[in-house]
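User: I would like to learn how to read a structure like this one. Please take me through it feature by feature.

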Amino acid sequence: MEQRLRNEAKALLEQGKVDWIIGFEPGSLKFTTTPVITKDKNDVDRLVINPFIVNNLANFLTEVTGRVGIVAKGCDSRSIVSLIQDNKVVREDVIILGVPCPGIIDLSKVERLAGKDRDELDDISREGDKIIIKVGADKKEFAITEALFDNCLACELPTPQEYDILLGEPSSPVVNKPAAQAKIEKLKQMTPEQRWEFWKNELSQCIRCYACRNVCPACYCQRCFVEETEPQWILPTPRWQDNLIFQIVRNIHVAGRCTDCGECERACPVNIPLRSLTKEMYDIVGELFSFKAGMDKDAPPLMTHYEQEEAEDFFR
Amino acid sequence: MKQESEWGPKLVSFLCRWCSYAGADLAGTSRKKYPANIRIIKVPCSGRVDPLFILKALRLGFDGVLVSGCHPGECHYQTGNYRARRRIAITKKFLEHVGIEPQRIQASWVSASEGGKFADVVAEVTEELKEIGPNQLFSEERQGDGTKATE
């Protein structure tokens, strides 16, 4: 798959079909990958596909000009489609190199399973529905569902629906709904007061670095409401009240465009369980309007569309 | 010192200038009685209301927010109220998940000729807000006696 990607990417650049290739290369830390955005065909030999390609590269589409070849997993392809729906990206200008995604491995979960720091691990590999962690001569096996990101466990369509080149056989989802929903279910059991206290405590840690916003492909506004000064909606100082308003309103603003890729939660430096917010909004949108983000590039975006009769019950 | 019985909810409302705002006007000119707890902000259309306005109002200590626009199909701009409807629907549901009482977010359709309905809506909403009590969501003294939130 990796070799095929390199060949395709090289061909695209050589034939002048694209100006840019956006993909993943090995990161500077063990097991990690980092995005690579390049015009140079010699760089494509660094491109990789492995179970650690976490980032949602759709985020970079709005930042480069020209035609782009982009590596996309299932969720990334939905983010791209969502951008096409919003007229932020022209379909003809992107060549989607679809990766049938077997699920992305959460290194912090692996660390917990192995009881060791990632630097101390020698190898992490995957065989079918098992994950094998090697430390020296020691070999440990776990179920793959224990090592994947929560949002991967909730993913029903790991193979991109929208692509130009599919780099492998379609993969079947590794779904474990109870595990994926565990944190959210726990919140739902709480009383509203407890939930508010929970979010108050979590958002008290927020340092307002805006990493969650900056990695989000759906958050493409040139000017965000948090930075407006007239009127100043919220103060720039990270107080929990303003942090909470930022998170709530951010989620409302990206409703119908959030594809549950989980980037916000991964980007958070203080580990706020942001996916418990985004997934809830994802579910609300599905429940009220039977809308799933990024499924159909010709469908109108959620918030610009309406039905004659819907969601009427609470209007007086 | 404040008496418990004196407390009344503060309600901020965003009224569409083409219908609900005129409806509120009509309620006044036809001498309908309704609680004076409401503060009115005129907006060009209910579709103008960003959920951010609702959060900001709650942050400032208002006990409830009412968004009121034209009946479905009667929007001056054809589709503004339909869009407002979607937006408020997800806002209300989502805020419930975060832990905000859904009663604090209210919505209604009031046309320019429905002065009576406007008075009724304000009365009903005020009653509901009285039941759930003062908004202490963003107050540092949430566990306190509850009189500080709006001051």
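**Domains, sheets and a chain contact**

Analyst: In chain A, the centres of domain 1 and domain 2, taken over C-alpha atoms, are separated by 25 Å. Keep in mind that this is a predicted model.

User: Which residues of chain A belong to domain 1 and which to domain 2?

Analyst: A domain can be made of more than one stretch of sequence. The assignment for chain A gives domain 1 as 2–104 + 148–304 and domain 2 as 105–147.

User: How many residues does each domain of chain A put into the contact?

Analyst: Count each side on its own. Domain 1 of chain A gives twelve residues and domain 2 of chain A gives ten residues. Then look at chemistry. On the side of domain 1 of chain A that touches domain 2 of chain A, nine residues are nonpolar, two are polar and one is charged.

User: Now the sheet. In what order do strands E5, E6 and E7 of chain A lie?

Analyst: Read a sheet by strand order, then by direction. Here the order is E5-E6-E7 in chain A, the sheet is open, and the pairing is antiparallel. Strands E5 (123–127) and E7 (138–143) of chain A are the edges; each has a single partner strand, so one side of each has no neighbour in the sheet. From one strand to the next, the twist averages 25°.

User: How many bridges join E5(A) to E6(A)?

Analyst: Five bridges join this antiparallel pair, E5(A) and E6(A). To fix the register, pick one bridge. Arg126(A) has Ile131(A) in E6(A) as its bridge partner.

User: And how many bridges join strand E6 of chain A to E7(A)?

Analyst: Strand E6 (residues 130–135) of chain A is joined to E7(A) by six bridges, again in an antiparallel pair. Two partners in E7(A) set the register. Ile133(A) is matched with Lys140(A). Lys130(A) is matched with Ala143(A).

User: What should I look for in the hairpins? Which residue takes a positive phi in the hairpin of E5(A) and E6(A)?

Analyst: Look at the loop length and at the backbone angles. The hairpin of E5(A) and E6(A) has two residues between the strands, and Gly128(A) takes a positive phi near 60°. In the hairpin of E6(A) and E7(A), two residues again lie between the strands, and there Gly136(A) has a positive phi near 60°.

User: Which helix lies across E5, E6 and E7 of chain A?

Analyst: For a helix on a sheet, name the strands it crosses and give an angle. Helix H3 (residues 107–114) of chain A lies across E5, E6 and E7 of chain A, at about 65° to E6(A).

User: Let us move to strand E4 of chain A. Why is it described as largely enclosed?

Analyst: Check burial residue by residue. Strand E4 (residues 94–98) of chain A has four of its five residues buried, so the rest of the structure largely encloses this strand.

User: Which strands pair with E4(A)?

Analyst: Take its partners in turn. Strand E3 (residues 68–72) of chain A runs parallel to E4(A), with five bridges joining them. Ile70(A) has Ile96(A) in E4(A) as its bridge partner. Strand E8 (residues 165–166) of chain A also pairs with E4(A) in the parallel sense, over two bridges. There, Gly98(A) is partnered with Leu166(A) in E8(A).

User: What unit do E3(A), helix H2 of chain A and E4(A) make?

Analyst: Follow the path from strand to helix to strand. E3(A), helix H2 (residues 74–85) of chain A and E4(A) form a right-handed β-α-β unit.

User: Is Cys221(A) buried or exposed?

Analyst: Count neighbours. Cys221(A) has 11 C-beta neighbours inside 10 Å, so it counts as exposed. Cys221(A) sits in the loop between helix H7 (211–214) and helix H8 (240–253) of chain A.

User: Last, chain B. What pattern does it follow along the sequence?

Analyst: Chain B reads β-α-β-α-β-α-β-α. Of its 151 residues, 55% count as buried.

User: How many residues of chain B are in contact with chain A?

Analyst: Start with both counts: 29 residues of chain B contact 26 residues of chain A. Next, find the main contributor. H3(B) gives the largest share of the chain B side, 13 residues. Finally, sort the chain B side that touches chain A by chemistry: 14 nonpolar, five polar and ten charged residues.

Terms used
Residues are numbered from 1 along each chain as its sequence is written. Chains are lettered from A and ligands numbered from 1 in the order in which they are written. This is a predicted model: local features need pLDDT of at least 70, side-chain atom pairs count only at pLDDT 80 or more; totals for chains, interfaces and linings use all residues. Two strands pair if DSSP finds at least two bridges between them. Axes are lines fitted to C-alpha atoms, for helices over the stretch in contact, and angles run from 0 to 180 degrees between N-to-C directions. Two residues are in contact if their C-beta atoms, placed from the backbone, lie within 7 Å. Ala, Val, Leu, Ile, Met, Phe, Trp, Tyr, Cys and Pro count as nonpolar, Asp, Glu, Lys and Arg as charged, and the others, Gly among them, as polar. Domain bounds come from an automatic or database domain assignment. A residue is buried if 20 or more other C-beta atoms lie within 10 Å of its own, exposed if 12 or fewer, and partly exposed in between; C-beta atoms are placed from the backbone. A crossover is right-handed if, with the strands pointing away from the viewer, the path from the first strand over the helix to the second runs clockwise.
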